[in-house]
Amino acid sequence: MNNPFRATPLQESPTDDTFDEACYLAANPDVAEAVKLGRVRSGWAHFKKFGRVEGRRQKVSDEERATAENFDERRYLAANPDARRALEEGKFASGRAHFENLGRLQGRRQKRESDLPAIREKKLATLRPLLVDPQTPLDPCGKFCFLDDATRLREDLTDCIPVSENGYDDETIELIRRHKDGLILDVGAGYRPVYYSNVVNFEVMDYPTTDVIGVADRLPFKDSSFDGVISIAVLEHVKDPFKCAREIARVLKPGAWLKCCVPFLQPLHGYPHHYFNMTHEGLRTLFESLLTIERQEVTPATHPIWAVAWQLRSWSEGLSPALRKEFMRLRVSDLVAFPGPLLEKPWARDLPMEKQFELAAATILHARKPMTGAAAATSDDPPAAALEPRAPQ
């Protein structure tokens, strides 16, 4: 396969020496918002206290230090508008002259040339013969798009903002590198901080790292196309996970592998919507008639402690400052006792309904089959549309 393995980082793990305030805030919009509201003094302050421990990333800078070896006139002038003005005023004959006389000593920078467009062009050329319709044109952004307006409406995507962003764990990175001469499909990739030449990023939302836009229950690829499929925290967000599982199995080559992770005890979260969490038995049921299950596991990244921390942290964030303080003083022994009496505690009783739906032990649905004809005309019950909704839609 004429697709040489390449990878380009779009985000990086900052250190004390490489930390860049603007790049850190660009990769962490929640921190940027906290700085804007005055809750945190700066991105640097957040990184020192929280970000280093949380494994936060920063955007790879759009600029690089200019040197005699990498100097590029166009990129140097793009990063140094004062140098460009000096040229226009005739003070220097060229950007190179400005660099040699001033820029080198001043440690000037130049715009970095992104490798992503060239890697994507080569990747999609390799992918094209594997499409159900190899004549599919690229969209204006240089991607394959299989999402029409009717599908966007059906999937309720019209007002959604792409916010899903995660990196791969070490095992997945090893799988990617081990199959550098093949093609791997990442179903529901979101935004990936490293862009790989052998990983096709498939998404219903358009991210900078997306290659193919479409829906997971209608993958636009021929049977037996891929050497592996990655599906991490995706199938809880689709309306028909069984159909998606059949599609994933269909596009795998004989002997190819699948790595699939689906949450069990995670609270409600939407990228863009959230439908079905699964037990390990439920996840197994999706694929056991289609693939040979080799193993199931709980890793450090999916350990129960993450579920407990997410529940309690999100609960506390839904309370007023006074109730949050009371809630944070609780002991584990308080929470594992019979919970009935706790329902009258203000931090439980006054938890907003939106948070209750996010963290609920279960939700209850009431429904009625519509009546037609004379039966509907004589009924004393209010029509379903007139009933007051009890939850945010």
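**A parallel sheet and the helices on it**

Strand E9 (residues 199-203) runs parallel to strand E10 (residues 212-213), and two bridges join them. Helices (H or I, at least four residues) and strands (E, at least two) are DSSP runs here, numbered from the N terminus, and two strands count as paired if DSSP finds at least two bridges between them. The model is a predicted one, where local features need pLDDT of at least 70 and side-chain atom pairs count only at pLDDT 80 or more, while totals for chains, interfaces and linings use all residues. Residues are numbered from 1 along each chain as its sequence is written, and side-chain values use heavy atoms, with hydrogens and water left out.

Within the E9 and E10 pair, Phe202 has Val212 as its bridge partner. Both strands belong to an open sheet of six strands with parallel pairing, in the order E6-E10-E9-E7-E11-E12. Strands E6 (144-145) and E12 (252-261) stand at the edges with a single partner strand each, so one side of each has no neighbour in the sheet.

Now to E7. Four bridges pair E7 with E9 in the parallel sense, and Val187 has Phe202 of E9 as its bridge partner. E7 also pairs with E11 in the parallel sense, over three bridges, with Leu185 opposite Val229. In a regular strand the side chains alternate between the two faces of the sheet. Both faces of E7 are covered: Ile184 and Asp186 on one side, and Leu185 and Val187 on the other, are all buried (under 20% relative accessible area; exposed is over 50% and partly exposed in between, with a 1.4 Å probe and protein chains only).

What packs on this sheet? Helix H9 (residues 170-178) does, touching strand E7 (184-187), E9, strand E11 (226-232) and E12, with its direction at about 160° to that of E12. Contact means heavy atoms within 4.5 Å; axes are lines fitted to C-alpha atoms, for helices over the stretch in contact, and angles run from 0 to 180 degrees between N-to-C directions. Helix H10 (residues 241-251) lies across E7, E11 and E12, at about 140° to E12.

Thr172, Leu175 and Ile176 of H9 are buried. Seen down the axis of H9, its buried residues fall within an arc of 100° (taken from the directions from the helix axis to the C-beta atoms), so they line one face of the helix. Exposed Asp170 and Arg178 sit on the face of H9 turned away from its buried side.
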